[in-house]
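Reader: I have just opened this entry and would love a friendly tour. Could you take my questions one at a time?

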Amino acid sequence: MTRPVHIHGGALAGCAAAIAAIQAQSPQVRVYEKSAFPRHKVCGEFLSSGVQPVLRQLGIWESFQALRPAPMSRLLLHFPRKTFRFHLPEVCWGLTRYRLDAWLRHHAMQAGAEWCQELAPTPSANNANVATVLAHGRKDTAPKGQRVFGFKAHHRGAISDAIELFFFDGCYVGVNPAEDGVTNVCGLGPEALLKQHGFEYDALCRRSPALAARLSTLTRHMDWLSVGPLVYGDRFRAALPDAVYPAGDALGFVDPFTGSGMLNALLSGSLAGRSAALGDAVPAYLAHCRRLLHRPFLVSAIFRAALRSGVGERFAGFVPGSVLFHLTRAHLGQPHGPAPGSF
Ligand SMILES: Cc1cc2nc3c(=O)[nH]c(=O)nc-3n(C[C@H](O)[C@H](O)[C@H](O)COP(=O)(O)OP(=O)(O)OC[C@H]3O[C@@H](n4cnc5c(N)ncnc54)[C@H](O)[C@@H]3O)c2cc1C
């Protein structure tokens with residue numbers, strides 16, 4: 001017998017959970033979302049190729065293609081002294097969160113989810129008849145002084161088929177195409193440096209000559225948005241109440257330079273929705289997520305440490321981009337994606 005599923009948060013993990021729970025025959029799926037969609041969100045908007053099997057399993061891959069996401073086939077890593085150029089092993093996609101989140105919401109509702117435009121209630125500890133998926137994104141905070149903030153703005157101008165990452169002064173900024181000729185510029189940096197620039201992101205970007213040159217081909221057409229503090233970590237081994245399944249960033253926040261957070265959210269959201277509906281034990285669900293996602297979390301932590309200690313450029317020269325790309329993706333176990341229902 002399947003259970004009703006209540007989902008806290010209606011972005012990527014939440015909507016994937018809703019569709020998967022409905023596919024698993026949950027008798028009632030309810031999504032609580034505090035924000036009205038569409039809305040802009042701070043995100044690099046780079047979707048890994050690995051989203052294809054996940055969206056296929058949710059039955060929405062063809063619909064995703066109809067949104068005309070921008071294809072990307074190259075990766076450029078710019079360090080102060082050197083640029084590394086690679087071909088991505090598979091085509092990846094750029095799509096704005098403005099479009100992506102509203103599209104997912106549409107599919108969750110079309111599948112039969114009940115949408116509640118409100119803050120989620122506290123999960124009730126003694127009602128195991130209703131399963132809860134926590135898909136509310138990051139909630140952790142960090143001590144002042146050690147904080148990192150993200151920022152983004154859409155630009156227009158010269159369109160490229162590359163994701164470019166610029167590393168400088170403890171910051172990195174990604175520049176990549178999205179749909180309809182938009183170029184997204186999104187980065188993150190330490191609080192102390194951002195403060196030094198009065199949180200003026202145009203000025204911050206000019207610290208990197210290579211980034212300044214790239215931005216000279218573009219015109220910003222929205223105000224900068226910012227978010228933070230960003231805290232990396234995971235809850236794969238967390239002790240949680242019965243019938244509470246964390247997914248997406250609520251399960252673990254991986255360093256955005258990997259460009260795999262949205263894939264992780266769609267993947268863990270799908271698994272959480274299905275597990276919640278079918279009544280799988282929470283520790284078994286978490287162990288499954290850990291098997292799939294442990295590697296990108298570990299490798300991104302190693303790369304982050306290399307960047308902090310100033311050897312990021314050597315690390316990138318030593319590990320080819322295609323290998324780094326592979327190591328920072330979910331371990332789906334099969335070269336062409338998972339068989340239906342498995343991952
Ligand atoms: C600077 C930056 C750049 C990034 N770049 C990339 C990238 O290029 N590629 C990539 O794959 N990933 C990237 N990521 C990561 C990616 O944005 C996240 O992994 C992804 O958004 C996680 O999706 P989610 O559904 O788990 O959470 P979110 O997208 O954060 O959604 C959570 C939802 O829950 C809602 N919510 C929160 N609390 C409540 C509540 N109490 N009640 C009701 N609703 C609630 C929120 O309104 C929100 O809509 C980036 C992240 C940052 C910060």
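Reader: Which element gives the most residues to the shell around the ligand?

Author: Keep in mind that this is a predicted model. Helix H1 (12-23), strand S11 (182-190) and helix H8 (261-278) each supply at least two residues of the shell around the ligand. With three residues, the element that gives the most is H8.

Reader: How many residues surround the ligand, and of which classes are they?

Author: Glu-33, Gly-44, Phe-46, Asp-249 and Met-262 are the closest ones, and the full shell has 36 residues. Sorted by class, the shell has nine charged residues, 10 polar ones and 17 nonpolar ones.

Reader: What is the distance from the ligand's nitrogen atom to the polar backbone atom of Gly-44?

Author: Gly-44 is one of the closest residues to the ligand. A polar contact here needs N or O atoms within 3.5 Å. For the backbone atom of Gly-44 and a nitrogen atom of the ligand, the distance is 2.7 Å.

Reader: Which residue brings a polar side-chain atom to an oxygen atom of the ligand, at 2.9 Å?

Author: There are contacts to ligand oxygen from backbone and from side chain. Gly-259 uses a backbone N or O atom, 3.4 Å from an oxygen atom of the ligand. The side-chain contact at 2.9 Å comes from Arg-97.

Reader: How much of the ligand's accessible area does the protein cover?

Author: On its own, the ligand has 1,000 Å² of accessible area. The part of that area covered by the protein is 93%.

Reader: Which strands are at the edges of the open sheet?

Author: The open sheet has five strands with parallel pairing, in the order S6-S2-S1-S7-S15. From one strand to the next, the twist averages 20 degrees. An edge strand pairs on one side only, and that describes strand S6 (114-116) and strand S15 (244-246).

Reader: Which residue in S7 stands opposite Val-5?

Author: Strand S1 (residues 5-8) pairs with strand S7 (residues 131-134) in the parallel sense, over four bridges. Opposite Val-5, in S7, stands Ala-131.

Reader: How many residues lie between S4 and S5 in their hairpin?

Author: Strand S4 (residues 70-78) and S5 are antiparallel partners over eight bridges. One of the pairs is Met-72 with Cys-92 in S5. Strand S5 (residues 83-94) is also joined to S3 by two antiparallel bridges. Between S4 and S5, the number of residues in the hairpin is four.

Reader: What is the phi of Glu-45?

Author: Glu-45 is in the loop between S2 and S3. Although Glu-45 is not a glycine, its phi is positive, at about 65 degrees.

Reader: Which residues does the cis peptide bond in the loop between S13 and S14 join?

Author: There is a cis peptide bond between Phe-37 and Pro-38, with Pro-38 in the loop between strand S2 (29-32) and strand S3 (46-47). The loop you ask about, between strand S13 (225-227) and strand S14 (233-234), holds Pro-229. With omega about 0 degrees, the cis peptide bond there joins Gly-228 and Pro-229.

Reader: Where does helix H9 bend?

Author: Helix H9 covers residues 282-308, and Gly-310 follows with a positive phi near 80 degrees. The bend in H9 is about 50 degrees, and a proline, Pro-296, follows within four residues of the bend site, Leu-293.

Definitions and conventions:
Residues numbered from 1 in each chain as written. Predicted model: local features only at pLDDT ≥ 70, side-chain atom pairs only at ≥ 80, totals over all residues. Heavy atoms only, no water. Near = heavy atom within 4 Å. Polar contact = N/O pair within 3.5 Å; in protein donor to acceptor, adjacent residues only side chain to side chain. Areas by Shrake-Rupley, 256 points an atom, 1.4 Å probe, with all protein chains shown as cover. Nonpolar A, V, L, I, M, F, W, Y, C, P; charged D, E, K, R; others polar. Pairing = 2+ DSSP bridges. Axes fitted to C-alpha atoms, helices over the stretch in contact; angles between N-to-C directions. Bend = angle between axes of the 7 residues up to and from the residue.
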